[in-house]
Amino acid sequence: MASHGFYSKSQASCIGVALLFCTSLVISSFAELERLEHPAKGDGSLSFLVVGDWGRRGFYNQSHVAFQMGKIGEKLDIDFVVSTGDNFYDNGLTGLNDPAFEESFTKIYTATSLQKQWYSVLGNHDYRGDVEAQVHPALRKVDSRWLCLRSFILNAEIAGFFFVDTTPFVIDYFTDMDHTYDWRGVTPRKAYLDSLIKDLESALSESTARWKIVVGHHAIKSAGYHGDTKELIDLLLPMLKAYNVDMYVNGHDHCLEHISSLDSPIQYLTSGAGSKAWRGDRNQHYKEDDLKFFYDGQGFMSVQLTNNDAEITFYNAFGKILHKWKAMKELHSAV
């Protein structure tokens, strides 16, 4: 398998990022957010796929979605893939040698176009397993595409990506008696969140990227089964509005969604349909004014960016285009 790794603009910065990544285990989870770099194309454009809630050893149409991702990835000449969490079901990875890693990732996403860097966040199901294993750099020796951290920043020239570990925001997980969560590196929760929010705000305020995209597992706004996440609305959303974030991208609800906001230019994009989904799994009370698109089946999303334009497309498990949205940066308006 080809090694693509993460990139930087010079060999020196690449070495610096690599050293930072390799030493991540000995750095406190409360340390400043790690910063990675990935170049845009020669013409300055950027394209990538987004998939979430996928790791089921190919079952529940995961293999079908992966096949279509490969075809679309080739067509769009994607630069990388974003995973919105719940990477391995039902309970994350059991350790570094868990065969689920290769059976649900390496052996499923085999298309040539998908042999690019995967940037991943953790979901609540990942926290039910060995979180330290899933974020361990040793997994890159198994598959060089894999890069999963709790929270981090990716500079892709015209776009700045801010990956946020959203599971610790949700208080219900800390009182859930039905499941066991791996809270190593997270507790005490308040200190962890205070540090994360402070670092995220600093990164957003300093960013000069043309596009600002925040990625997390849990939805801020969703018409799906899980719905809106109150803690993210209270603690994260005001910051996203204040620093002119263009898109919030998430998984968690096993569907595809596009929700526009009436009080900000933020587009809420759910891509959590990488495998298991349920028909009719929708919150019927969600306001139709904000909901641009909802699909209760498997699929994924693509994003194409230039300096002035964005094009977002949702596909089902057979590669059919279900919804397409275009915007110009200056206007923040849908076409």
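A residue is called buried here when its relative accessible area is under 20%. By that yardstick, 61% of the 335 residues of this protein count as buried. The model is a predicted one, and the chain in it folds into 8 helices and 16 strands. About 13800 Å² of surface is exposed, with carbon and sulfur atoms supplying 53% of that area. The fold also brings together stretches that lie far apart along the chain: among contacts between residues at least 6 apart in sequence, 73% join residues at least 24 apart.

Next come the nonpolar cores. In soluble globular proteins, nonpolar side chains tend to be buried together. In this model, the largest nonpolar core has 63 residues, and Met-69, Tyr-109 and Tyr-248 have the most contacts inside it. Several elements chip in with at least two residues each, among them β2 (46–51), α2 (62–76), β7 (159–164) and β12 (291–295). Helix α6 gives the most, with 7 residues. A second, separate core of 36 residues includes Val-50, Leu-147, Ile-158 and Ala-159. Back in the largest core, one of the residues with the most contacts is Tyr-109. Leaving aside neighbours within four places in sequence, Tyr-109 touches Met-69 as well as others, including Trp-54, Leu-114, Trp-118 and Arg-145.

That last partner, Arg-145, also turns up in a polar contact of 2.9 Å between its side chain and that of Asp-143. Asp-143 sits in the loop between α5 (139–142) and β5 (146–148), and with 1% relative accessibility it counts as buried.

What about the annotated sites? An unreviewed UniProt entry places a "binding site" feature at Asp-86, Asn-124, His-217 and His-252. These four span 167 residues in sequence, yet no two of their C-alpha atoms are more than 8.3 Å apart, so they gather at one spot. Asp-86 lies in the loop between β3 (80–83) and α3 (100–106), and is buried at a relative accessible area of 1%. Asn-124, in the loop between β4 (118–120) and α4 (131–134), is buried too, at 4%. Not counting residues up to four places away in sequence, the contacts of Asp-86 include Asn-124 and His-217, along with Asp-53 and Trp-54. Asn-124, for its part, is in contact with Asp-86, His-217 and His-252, and also with others such as Tyr-173 and Tyr-181.

The UniProt record, again from an unreviewed entry, places a "binding site" feature at Asp-53, Asp-86, Tyr-89 and His-254 as well. Here the residues span 202 positions in sequence, yet no two of their C-alpha atoms are more than 13.0 Å apart, so they too gather at one spot. Asp-86 appears in this group and also in the one described above. His-254 is found in the loop between β9 (247–250) and β10 (256–260), and counts as buried at 10% relative accessibility. Its side chain makes a polar contact of 3.3 Å with that of Asp-53. Among the contacts of His-254 beyond four places in sequence are Asp-53, Tyr-89, Arg-56 and Trp-278.

Towards the end of the numbering given here, strands β14 (residues 309–316) and β15 (residues 321–328) run antiparallel and are joined by 7 bridges. Asp-309 has Met-328 of β15 as its bridge partner. The two strands form a hairpin with 4 residues between them, and Gly-319 in the turn has a positive phi of about 85 degrees.

Technical notes
Residues numbered from 1 in each chain as written. Predicted model: local features only at pLDDT ≥ 70, side-chain atom pairs only at ≥ 80, totals over all residues. Heavy atoms only, no water. Buried < 20%, exposed > 50% of the residue type's maximum accessible area, 1.4 Å probe, protein only. Contact = heavy atoms within 4.5 Å. Areas by Shrake-Rupley, 256 points an atom, 1.4 Å probe, with all protein chains shown as cover. UniProt positions renumbered as here; feature names shortened; annotations may be inferred. Polar contact = N/O pair within 3.5 Å; in protein donor to acceptor, adjacent residues only side chain to side chain. Pairing = 2+ DSSP bridges. Core = buried A, V, L, I, M, F, W, Y, C linked by side-chain atoms within 4.5 Å.
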